Amino acid sequence: MRREQEEIITVPDTEAAEIGEIMSRYGLEPQEYGPVVAGLRRNPQAWLDFMMRFELGLERPDPRRALQSAFTIALSYVVGGLVPLLPYVLVSAAQDAMLTSVGVTLAALLFFGYVKGRFTGNRPFASAVQTAVIGALASAAAYGMAKAVQAR
């Protein structure tokens with residue numbers, strides 16, 4: 001929001017042109033969206049709100065949903081944490097449990113990356129691969145650090 005606010009102050013013509021680009025995606029012609037651009041330029045807060053929502057796809061969070069958001073995040077962490085840990089509960093041999101955990105976790109990362117791509121409008125398969133690679137690198141780094149600490 002600060003960056004967008006700074007751009008409205010320092011490069012207002014560029015930001016105004018971005019409003020035009022956004023409006024043209026909705027089929028409006030310059031003579032139709034010109035008054036909207038002029039009106040937003042006169043009201044910097046409305047301009048900032050418009051750019052946050054329509055350029056960046058971000059909106060101010062509803063404070064009434066804070067508890068629901070906190071619960072959703074907490075539940076997601078618990079469920080997400082169970083994915084790699086559950087094989088250790090279900091498989092008796094530690095080595096087999098680790099290999100199962102790696103496979104199940106990669107499958108879950110691919111699945112959730114795909115779903116993320118579908119919901120965000122990105123390419124789902126690219127999103128799936130990206131999520132799996134980042135998750136695998138993070139897991140490998142954590143594993144490596146644990147092994148390094150254990151060796152001391």
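Student: What makes L110, V129, V133 and L137 a nonpolar patch on the surface?

Tutor: Patch residues need over 30% relative accessible area and no salt bridge (Lys or Arg side-chain nitrogen within 4 Å of an Asp or Glu carboxyl oxygen), and nonpolar side chains are joined within 5 Å. L110, V129, V133 and L137 form such a patch, with about 350 Å² of accessible area together. The areas are Shrake-Rupley values with a 1.4 Å probe. This is a predicted model: local features need pLDDT of at least 70, side-chain atom pairs pLDDT 80 or more, while totals for chains, interfaces and linings use all residues. Numbering runs from 1 along each chain, and side-chain values use heavy atoms, without hydrogens or water.

Student: Which helix gives the most to the nonpolar patch?

Tutor: Helix 7, with three residues. L110 lies in helix 6. Helices are DSSP runs (H or I, at least four residues), numbered from the N terminus.

Student: Why is the F111 and F112 pair called edge-to-face?

Tutor: Rings pair if their centres lie within 6.5 Å; planes under 30 degrees apart are stacked, over 60 edge-to-face, the rest tilted. F111 and F112 sit 5.2 Å centre to centre, with 70° between the planes. Therefore the pair counts as edge-to-face. The structure holds two aromatic pairs.

Student: What is the make-up of the lining of the largest pocket?

Tutor: The lining divides into 15 nonpolar, seven polar and no charged residues. Gly counts as polar; Asp, Glu, Lys and Arg count as charged. Helix 6 gives the most to this lining, with eight residues.

Conventions:
Helix = DSSP H or I, 4+ residues; strand = E, 2+ residues; numbered from the N terminus. Phe/Tyr/Trp six-rings, centres within 6.5 Å; stacked < 30°, edge-to-face > 60°. Patch = residues over 30% accessible without salt bridge, like charges linked within 9 Å, V, L, I, M, F, W, Y side chains within 5 Å.
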